[in-house]
Amino acid sequence: MKFSESFIFTARQDPKVAECRSHKLLLKGCFLFMVSSGIYSYLPLAWRVLDKINSIIRRNMNSCGAQELLMSALQPIEMWRKTGRDKDLAEVMFRFSDRKERELCLGPTHEEEITEIARRYLVSYKQLPCVLYQIQTKFRDEPRPRFGLMRSCEFIMKDAYSFDADEEGLDKNYEKMLYAYKKIFAECGLDFVMVEADSGAMGGSLSHEFMVPSGIGEDVLLKCGKCGKYYKDAGECPRCREKLTPEKNIEIGHIFKLGTKYSLAQQGLFLDETGERKPFIMGCYGIGVSRILSAIAEVSSDEKGIIWPRKVSPFDVSLIVLGEDLKEDAFRVEEELNSRGYSVLVDERNEAAGVKFNDAYLIGNPYILIMGKKYKESGKIDVEIRKDRKKLSFSKEEVISFIEDEYAG
Ligand SMILES: [Zn+2]
């Protein structure tokens, strides 16, 4: 894609509203548009990243045997009264009535709705286990929106729900999900920690949280300086007896063994082998999709901009062209890379070299190719690796295989 034709309009100045590094860089780099406090639009650059994150999530969910659906964001309050969560979540729910006086909310989560779906269709043990998931917008009436996408009123989540006939089935699904979560976050290039946690308003017996140590955020974990383990709450490290120090984190995922809380309250029953009616044993599994975007921008960035991990970067390669007479050659390099499946952002604008470099660093694609004076003299293309600013030099043919090798590894 040609930079001059793209919807990328970076800012020179730091935005005044920014509350942390990721918020600043995502606004400055033309990833996010702030509609109002706690409400954002994802601009084309951010959408490219989200699309890749979603693909990673879908692939891993599908390989667990989970099936994707999309539930309604508008939900009748009636459904929430069955579990009493119309009251438990009253503070964060966007609630209103339609013109027929029907009470509605914008779903902050979907346990109630998925249980309604399951009880309608899953009537026999023969249909179990069953795992369903969606990637959808959720809403929270957030009193203090903060840190951009990290604490916002509208956000994208992946939520999955498992239905089993017995506890052993739930254990199996929970293990599968836990394994898939580790793979998903690793593919997104995140260093994360996993801790056992409270089930809170979800209910149930066991839950695990996935956190990104970030120095910001509102989730505090206690870290052992000796073994590096994290705890939700302990006196000292139970292993080393070392004193623990608090560290701020961003929560990116949370999985729960729900048990029968929802199936009992909503009459989610199936017939077992002996013909007896039994409640589903449920689990739920959430990932903060838009939060992953923020978390990466927060922890994988430097003073110049974001450093996107390879699998989620907006483009695979930035190509800076310095010289009107080199454009045709640059487009040929782009074509070569495109034909091999790599996306390229070609900066062919009539801008100073400094402006182009600043934008390339800010946008944060993992590889920056430079065609300038050296290319004219010796046919060499310079390559800068965004992560460590390491510089290399290749011929046109070599540069293609270099990119191929990098993405294969
Ligand atoms: Zn320890």
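Colleague: How many Å separate the centres of domain 1 and domain 2?
Modeller: This is a predicted model. The chain is divided into domain 1, residues 7–302, and domain 2, residues 315–408. Taken over C-alpha atoms, the centres of the two domains are separated by 38 Å.

Colleague: What box do the C-alpha atoms of the protein fill?
Modeller: The protein has 409 residues, and 42% of them count as buried. It holds 12 helices and 23 strands. Along the principal axes, the C-alpha atoms fill a box of roughly 80 × 60 × 45 Å.

Colleague: Among contacts between residues at least 6 apart in sequence, what percentage join residues at least 24 apart?
Modeller: The count leaves out pairs under 6 apart in sequence. Within what remains, the share joining residues at least 24 apart is 67%.

Colleague: Which residues have the most contacts inside the largest nonpolar core?
Modeller: That core has 95 residues. It draws at least three residues from each of domain 1 and domain 2. The residues with the most contacts inside it are Ile296, Leu319 and Leu369.

Colleague: Leaving aside neighbours within four places in sequence, which residues is leucine 319 in contact with?
Modeller: Leucine 319 is one of the residues with the most contacts inside the largest nonpolar core. Leu369, also on that list, is among the partners of leucine 319. The full set is Ala330, Val333, Glu334, Val344, Leu345, Val346, Asp347, Leu369 and Met371.

Colleague: Why do strand 20 and strand 23 each have one side left without a neighbour in the sheet?
Modeller: The sheet is open, with 5 strands in the order 20-19-21-22-23 and mixed pairing. Strand 20 (344–347) and strand 23 (390–394) stand at its edges, so each has a single partner strand. Neighbouring strands are turned against each other by an average, direction ignored, of 20°.

Colleague: In strand 21, which residue is the bridge partner of isoleucine 320?
Modeller: Strand 19 covers residues 317–321 and strand 21 covers residues 367–371. They run parallel, joined by 5 bridges. Across from isoleucine 320, the bridge partner is isoleucine 370.

Colleague: What angle does the direction of helix 10 make with that of strand 19?
Modeller: Helix 10 spans residues 353–363 and packs on the sheet. It touches strand 19, strand 20 and strand 21. Its direction and that of strand 19 make an angle of about 175°.

Colleague: Are helix 1 and helix 8 roughly parallel or roughly perpendicular to each other?
Modeller: Helix 1 (residues 21–28) and helix 8 (residues 289–299) pack with their axes 8 Å apart, at an angle of about 105°. Arg21, Ser22, Leu25 and Leu26 of helix 1 make the contact with Ser294, Ala297 and Glu298 of helix 8. Angles of 65 to 115 degrees count as roughly perpendicular. The two helices are therefore roughly perpendicular.

Colleague: Which are the edge strands of the sheet with the order 4-6-5?
Modeller: This open sheet has 3 strands, and the pairing is antiparallel. The twist from one strand to the next averages 35°. Each edge strand pairs on one side only, and these are strand 4 and strand 5.

Colleague: Which residue in strand 6 does proline 76 stand opposite?
Modeller: Strand 4 (residues 74–76) and strand 6 (residues 103–106) run antiparallel, with 3 bridges between them. Strand 5 (residues 94–97) is joined to strand 6 by 4 bridges. There, phenylalanine 96 stands opposite leucine 104. Proline 76 also stands opposite leucine 104.

Colleague: Which residue in the turn between strand 5 and strand 6 has a positive phi?
Modeller: Strand 5 and strand 6 form a hairpin, with 5 residues between them. Phenylalanine 94 has leucine 106 of strand 6 as its bridge partner. In the turn, the residue with a positive phi, about 65°, is glutamate 101.

Colleague: Is leucine 221 buried or exposed?
Modeller: Leucine 221 lies in strand 11, residues 219–224. Leaving aside neighbours within four places in sequence, its contacts are Val193, Val195, Met211, Tyr230, Tyr231, Lys232, Glu247 and Asn249. The cut-off for burial is 20 or more other C-beta atoms within 10 Å. Leucine 221 has 22, so it is buried.

Colleague: How many Å separate the C-alpha atoms of leucine 221 and lysine 172?
Modeller: Along the chain, leucine 221 and lysine 172 are 49 residues apart. Their C-alpha atoms are separated by 28 Å.

Key:
Residues numbered from 1 in each chain as written. Predicted model: local features only at pLDDT ≥ 70, side-chain atom pairs only at ≥ 80, totals over all residues. Pairing = 2+ DSSP bridges. Core = buried A, V, L, I, M, F, W, Y, C linked by C-beta atoms within 7 Å. Buried ≥ 20, exposed ≤ 12 C-beta atoms within 10 Å, placed from the backbone. Domains from an automatic or database assignment. Contact = placed C-beta atoms within 7 Å. Axes fitted to C-alpha atoms, helices over the stretch in contact; angles between N-to-C directions. Parallel < 35°, antiparallel > 145°, perpendicular 65-115°, else oblique.
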